[in-house]
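Welcome! Let's take a friendly look at a protein together, starting with the whole chain and ending with a single residue.

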Amino acid sequence: MRVLTAKQIKEVEKRAFDGEFTEEGLMKCAGTACFRKIMKYYGEGIESKKIAVVCGNGKNAGDGFVIAKLLCDAGAYAVIILADKEPELREPLMYFEEAVENNVEVYRFDEYVFDCDLIVDCIFGIGFHGVPKSPFDAVFDAVNNSGATVVSVDTPSGTDATTGEALLAIKADMTIAISTLKMAHVLPPANEYCGKVMTVDIGIPESCYDKKYVQTITRSDVKNSFEKRAKNSHKGSFGYQLNICGSYLMPGAAVISAKAALRSGAGLVKCAFPKSIYPVMTSNLTQPIFKPLCENEDKTVSIGALNDIFEELKWADSVVAGCGLGNNDDTQVIVGQIIKKSEVPIVLDADGINALTGFIDILGDRKAPLIITPHPAEMARLIGENSGYVQSNRIDVAKAFAKEHNIIVVLKGANTVVTDGSEVFVNTTGNPGMAMGGTGDMLSGMLGAFLAQGMEPLTAAKAAVYIHGFCGDVSASELSQRGMTVDDMLSVLGAVMSEFE
């Protein structure tokens with residue numbers, strides 16, 4: 001699914017208006033589609049519910065007036081609350097007058113107490129930016145403190161549809177995106193205000209859209225990424241994956257990454273690690289091949305292991321490096337040499353990414369595709385900024401870095417960004433329960449396995465991110481966001497993979 005800026009969706013609508021559509025026609029379609037979605041999720045016992053449809057005086061209010069009338073027609077006690085003044089634009093005014101003629105009650109904000117079951121937010125649309133002024137700031141506070149369920153139409157009022165900025169905004173339980181997603185639905189901090197995001201089709205034809213938009217990763221795209229396994233396959237058919245991960249202080253990262261690779265279909269996984277963690281590796285893993293390496297005084301892999309690593313690179317079909325590897329001079333040299341020597345796709349995570357800080361030029365010396373999977377703080381270190389800057393510019397930062405260095409960037413976080421510098425995708429699976437140590441190691445192991453099986457790097461990144469989040473959602477639904485662990489996600493990974501074979 002597309003993810004558009006305010007400017008882009010306005011251009012789409014203009015193309016529709018240049019054709020057979022009118023503004024009032026699309027407004028009626030939008031309001032009707034939103035009404036149906038509201039009824040689907042909140043329609044049970046509608047006759048006994050009190051509903052406030054809070055409207056501004058712009059075009060988004062027109063959708064609200066349509067919704068209010070339809071809710072009353074359905075038997076609800078629905079009223080229109082004017083946040084400021086009556087509409088003046090022709091199309092919203094037309095539907096306001098129609099609602100009034102059909103006996104929908106109208107109140108001004110300062111006349112109404114939000115003692116209701118459901119609030120429909122139609123105050124501001126995609127044109128909003130900045131900070132809400134009086135009386136809208138008071139309206140926002142009243143809605144947020146009402147205790148009612150809140151449904152926002154298109155974007156939560158107070159959020160910037162393009163940048164995701166939200167200084168003071170409506171906090172919705174559900175947001176109904178009209179036609180397609182907007183950036184506010186996937187970028188922080190606005191995505192925090194959206195609740196569950198649903199989309200509705202209002203009939204704009206495909207010909208009105210461009211092909212260069214940011215996209216979401218879809219289930220069907222991921223499913224199509226996997227080829228049917230041939231009957232006469234052997235382990236070599238599904239690739240050899242080399243994991244260079246782990247250290248004395250972080251052996252679990254190597255274990256998690258290896259388990260994820262095994263559950264993701266790699267034919268053979270070889271774990272290369274500092275020799276001191278051999279007992280941890282062998283007590284938690286039985287299927288991989290083990291390659292203990294010489295270590296330094298920090299008990300991380302020593303540069304003395306480089307010859308062994310070079311030999312293993314010749315064996316591999318994909319390489320995962322960095323999970324729990326440690327961060328010191330030896331690590332920096334080792335990661336640099338892996339980038340230079342590997343002829344198969346590389347996944348760099350965690351300390352593998354940290355090793356690049358200050359040595360970015362080494363990315364130009366590689367022979368093979370490279371995928372990095374930074375979280376915002378790691379990305380910030382790479383570009384010499386702070387994590388706040390990265391979070392405020394997630395798509396632009398990831399895309400620019402990927403394009404400059406001709407790599408794939410997987411910028412982790414809520415709505416993970418995947419880009420090769422040309423195409424940009426955002427993920428919609430996953431939940432806050434995944435915000436814990438080890439989930440990134442799991443993602444890297446999965447990504448390496450998909451590469452080992454022959455997937456193109458961008459395709460592999462999209463599939464790994466989507467399925468990884470899916471595992472998080474399954475674990476949260478079965479346990480809880482607070483109670484789930486990475487082991488729980490690993491335990492469902494095999495079953496989840498059956499959804500995509």
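The report below goes from overall shape to surface and charge, and then to one serine.

## Overall shape

Keep in mind that you are looking at a predicted model. Its chain folds into 17 helices and 19 strands. The radius of gyration is 26 Å, close to the 23 Å that the globule rule gives for 501 residues, so the protein is as compact as a globular protein of that length. If you lay the C-alpha trace along its principal axes, the spans are about 80 × 45 × 40 Å.

## Inside and contacts

How many of the residues are buried? Of the 501 residues, 57% count as buried. Contacts also link parts of the chain that are far from each other in sequence: among those between residues at least 6 apart, 71% join residues at least 24 apart.

## Surface and charge

The accessible surface adds up to about 21100 Å², and carbon and sulfur atoms account for 47% of this area. As for charge, there are 63 negative and 46 positive side chains. The centres of these two sets lie 7 Å apart.

## A closer look at S444

Now try finding S444, which sits in helix 15, a helix covering residues 439-452. Is S444 buried or exposed? Its relative accessibility is 0%, and because buried means under 20%, S444 counts as buried.

Which residues does S444 touch, leaving aside those up to four places away in sequence? The list is S257, V320, C323, V347, D349 and T373.

Note on methods. Residues numbered from 1 in each chain as written. Predicted model: local features only at pLDDT ≥ 70, side-chain atom pairs only at ≥ 80, totals over all residues. Heavy atoms only, no water. Helix = DSSP H or I, 4+ residues; strand = E, 2+ residues; numbered from the N terminus. Rg over C-alpha atoms; globule rule 2.2 N^0.38 Å. Buried < 20%, exposed > 50% of the residue type's maximum accessible area, 1.4 Å probe, protein only. Contact = heavy atoms within 4.5 Å. Areas by Shrake-Rupley, 256 points an atom, 1.4 Å probe, with all protein chains shown as cover. Lys, Arg positive; Asp, Glu negative; His and termini not counted. Charge placed at Lys NZ, Arg CZ, Asp CG, Glu CD.
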